[in-house]
2 protein chains.
Amino acid sequence: MSNRFSCLPRALLIVLVLALGVARSNVSAAEDPLPSWNEAPAKQAVLDFVKATTDAASPTFVPPEARVATFDQDGTLWVEHPMYTQVVYCLQRVPAVVEKKPELKNVEPFKTVLSGDREAMAKLTMPDLEKILAATLTGMTVDEFEAEAKKWVGAAKDPRWKRPYTDLTYLPMQEMLRYLRANGYKTYIVTGGGQDFVRAYAEKVYGIPPEQVVGTAGVTKYGYDKNSKPFLMKEPKLLLNDNNAGKPESIHLMIGRRPYASFGNSTGDREMLEYTRAGDGTRLAMLLLHDDGVREYAYGPAQGLPDSKVGAFTQGLYDEAKKDGWVVISMKKDWKRVFAFEP
Amino acid sequence: MSNRFSCLPRALLIVLVLALGVARSNVSAAEDPLPSWNEAPAKQAVLDFVKATTDAASPTFVPPEARVATFDQDGTLWVEHPMYTQVVYCLQRVPAVVEKKPELKNVEPFKTVLSGDREAMAKLTMPDLEKILAATLTGMTVDEFEAEAKKWVGAAKDPRWKRPYTDLTYLPMQEMLRYLRANGYKTYIVTGGGQDFVRAYAEKVYGIPPEQVVGTAGVTKYGYDKNSKPFLMKEPKLLLNDNNAGKPESIHLMIGRRPYASFGNSTGDREMLEYTRAGDGTRLAMLLLHDDGVREYAYGPAQGLPDSKVGAFTQGLYDEAKKDGWVVISMKKDWKRVFAFEP
């Protein structure tokens, strides 16, 4: 309490303090762009970054057209555990694929998936999974795929929360997307997931239009149907693997600008975060740590947590973050709320 | 003249007509979004298209986020004759490349290019040209390439007009870009030219930012310099050939939406125009015919004009345009002015 108030009667002082307190909290509630974030270094780093890059008086001011922020999706914008949503989609699409191609019914790995035996499915190898991905994500036109993916996303539910997968986005990250956009940043998803899959819902779920979704992509092939109407067929051939080094490479290909801010959560995001930080001026790299086994999941060996098939997060990644000035977000400590549907 | 005026004295009638005429021409001069276009069917088709897709009362109204227009560059937005500007760039870069790699000095095709013998250079084969492109467009980081391309574009001049190549954009097409943007369309370049090359000047020259330039692209490779600073190296390996079927394929990859309007001038644009027209609602496909040997160049066998190494325009393409409702623009008849620097 300042000395200026020391001559006032105590009761008046209390009233004054209460009034100031109320006024201050009203202002901050109205102005806080990140209300689901605790007042801690991670939140402060974001506020400082936005000020440093958007205040015209700042020596590291960035012109609006260059303001690019890139976000990994799985494990950064929404839940990736225990299985990437797109893999769930592919597994659930198998019956429909087999219905169209009955010859696959007794062929592995389709037979195992159709059996519904979870233990056997957990043992599927990477080549098995690739066969399932090829069968469920290709061999149809891009328009057919989009319609199918949209239909599934609108109906499927996560077994733990019993809600649509699209409800499982992190409220603090939704606030981050809106806050950066409100400050002139163009927000992109840069995902190891399938570009066409994520584009089917990204506009509705994140406010991110298809042209701002960069992801793993297969070759498409232009052709004509029997009425000479052109189509684009999804081919079972990989064009861009948008993981690790593929992320900055695709950012250059698809955006052509180095991001000023990047957000990731696993070793697959390492190169994107490095590439972002290596630019001049003020650059923000944030790494989300899944350390909240109660509200979400806790995984990652760097924290003495169990490792996971998804979202690999090594000690080396953690060390690089600390060494290179990336900001580590602790889900447990930095987030007041995780999901919009929970209090 | 209508019967309603027949009772008026002749002098008054003349004054009235003049006044109406002046008023009308003032209004149209102020409102005409395409002043360099003659009042003819091509211009009218554009005005009709914009009304049909942006008037909320139209049955083929398109929501703003879906308004995508794609433009070929060479021969559509600027002069491509007698040689693509990027090929000029590559040829002129040869001395600098040989200075760094003296072992190329006596090796073909570099030897021929260094000789300056135009007749010999005109005989260079496609594989020769590919060697020159690989040597001048790859083997450097994306940042180094951007700086070099920007420097060259700022200094090089076209030999016929003795002006920077960037002055050789077509004024009527610049008006088209602005008109579509003013009506909520996002304008993209979709070029057979190098994506990185066009991105170096597209924002300044066309108001089109790098993320809206889709072009032929090579692989880039993420690596680290001796200070562990990451870079993206341009590799001599083709990733996307943005010609013919490659155009709609890249549009899907990079934009993820089917264009409502497309503009081209050669067989390399055929599939993009087809793909555009095959969408539902109102779609505009425009094909620019180079039939003005005085103000620009005249080429293309469909018009009984000499064929060209660049901008192939066959009878088949012309027939398809007529059959499928594409709008053919005659440079000679549809454009009042060709360049902004000419009256």
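Which ring does the charged end of Arg283(B) sit over? The ring is that of Tyr260(B), and the charged end of Arg283(B) sits 3.7 Å from its centre. This is a predicted model, and the report below starts from that charge and ring, then turns to other parts of the structure.

## Charges over rings

In chain B, then, the partners are Arg283(B) and Tyr260(B). Chain A has an arginine over a ring as well: Arg283(A) lies over the face of Tyr260(A), and the distance to the ring centre is 3.6 Å.

## Chain A in outline

Chain A holds 14 helices and nine strands. Of its 343 residues, 51% are buried. If you look at contacts in chain A between residues at least 6 apart in sequence, 64% of them join residues at least 24 apart.

## Two helices that cross

A good place to look next is the packing of helix α3 (residues 85-100) against helix α7 (residues 142-155), both in chain A. Their axes are 11 Å apart and meet at an angle of about 105°. Angles of 65 to 115 degrees count as roughly perpendicular, and α3(A) and α7(A) are therefore described that way.

On the α3(A) side, the contact is made by Thr85(A), Val88(A), Tyr89(A), Gln92(A) and Arg93(A). On the α7(A) side, the residues are Phe145(A), Glu148(A), Ala149(A) and Trp152(A). Sorted by character, the residues of this contact are five nonpolar, two polar and two charged.

## Aromatic pairs

Over all chains, a search of the whole structure finds 34 aromatic pairs. A pair of aromatic rings is described by the distance of the centres and the angle of the planes. Take Trp37(A) and Trp335(A): their ring centres are 5.8 Å apart and their planes stand at 75°, so the pair is edge-to-face. Trp37(A) lies in the loop between α1 (10-31) and α2 (41-54) of chain A, while Trp335(A) is in the segment after α14 (331-334) of chain A, so the pair ties together parts 298 residues apart in sequence. Both Trp37(A) and Trp335(A) are buried.

These two tryptophans also belong to a cluster linked by ring pairs. Its members are Trp37(A), Trp161(A), Tyr170(A), Tyr297(A), Trp335(A), Phe339(A) and Phe341(A).

Another pair to view is Phe313(A) with Tyr318(A). With centres 6.3 Å apart and planes at 50°, the pair is tilted. Phe313(A) is buried, at a relative accessible area of 3%, whereas Tyr318(A) is partly exposed, at 22%.

## Backbone details

Two cis peptide bonds in chain A invite a look. One runs from His81(A) to Pro82(A), with omega near -5°, and Pro82(A) is placed in the loop between β1 (68-71) and α3 of chain A. Another runs from Glu108(A) to Pro109(A), with omega near 5°. Pro109(A) is found in the loop between α3 and α4 (110-115) of chain A.

Positive phi values turn up in residues other than glycine, too. For Ser228(A), phi is near 65°. Ser228(A) lies in the loop between β5 (213-224) and β6 (230-240) of chain A and counts as exposed, at 56% relative accessibility. In chain B, Asn244(B) has a positive phi of about 50°, although it is not a glycine. Asn244(B) is in the loop between β6 (230-240) and α11 (246-254) of chain B, and with 32% relative accessibility it counts as partly exposed.

## Two helix residues in chain B

Leu133(B) lies in helix α6 (residues 126-137) of chain B. Leu133(B) is partly exposed, with a relative accessible area of 30%. Leaving aside neighbours within four places in sequence, Leu133(B) is in contact with Cys90(B) and Thr138(B). Between Leu133(B) and Pro63(B) there are 41 Å from C-alpha to C-alpha, and these residues are 70 apart in sequence.

Lys51(B) belongs to helix α2 (residues 41-54) of chain B, and Lys51(B) is exposed, with a relative accessible area of 54%. From Lys51(B) to Lys157(B), the C-alpha to C-alpha distance is 39 Å, for a pair that is 106 residues apart in sequence.

Methods:
Residues numbered from 1 in each chain as written. Chains lettered and ligands numbered in written order. Predicted model: local features only at pLDDT ≥ 70, side-chain atom pairs only at ≥ 80, totals over all residues. Heavy atoms only, no water. Axes fitted to C-alpha atoms, helices over the stretch in contact; angles between N-to-C directions. Helix = DSSP H or I, 4+ residues; strand = E, 2+ residues; numbered from the N terminus. Parallel < 35°, antiparallel > 145°, perpendicular 65-115°, else oblique. Contact = heavy atoms within 4.5 Å. Nonpolar A, V, L, I, M, F, W, Y, C, P; charged D, E, K, R; others polar. Phe/Tyr/Trp six-rings, centres within 6.5 Å; stacked < 30°, edge-to-face > 60°. Buried < 20%, exposed > 50% of the residue type's maximum accessible area, 1.4 Å probe, protein only. Lys NZ or Arg CZ within 6 Å of the ring centre and 35° of its normal.
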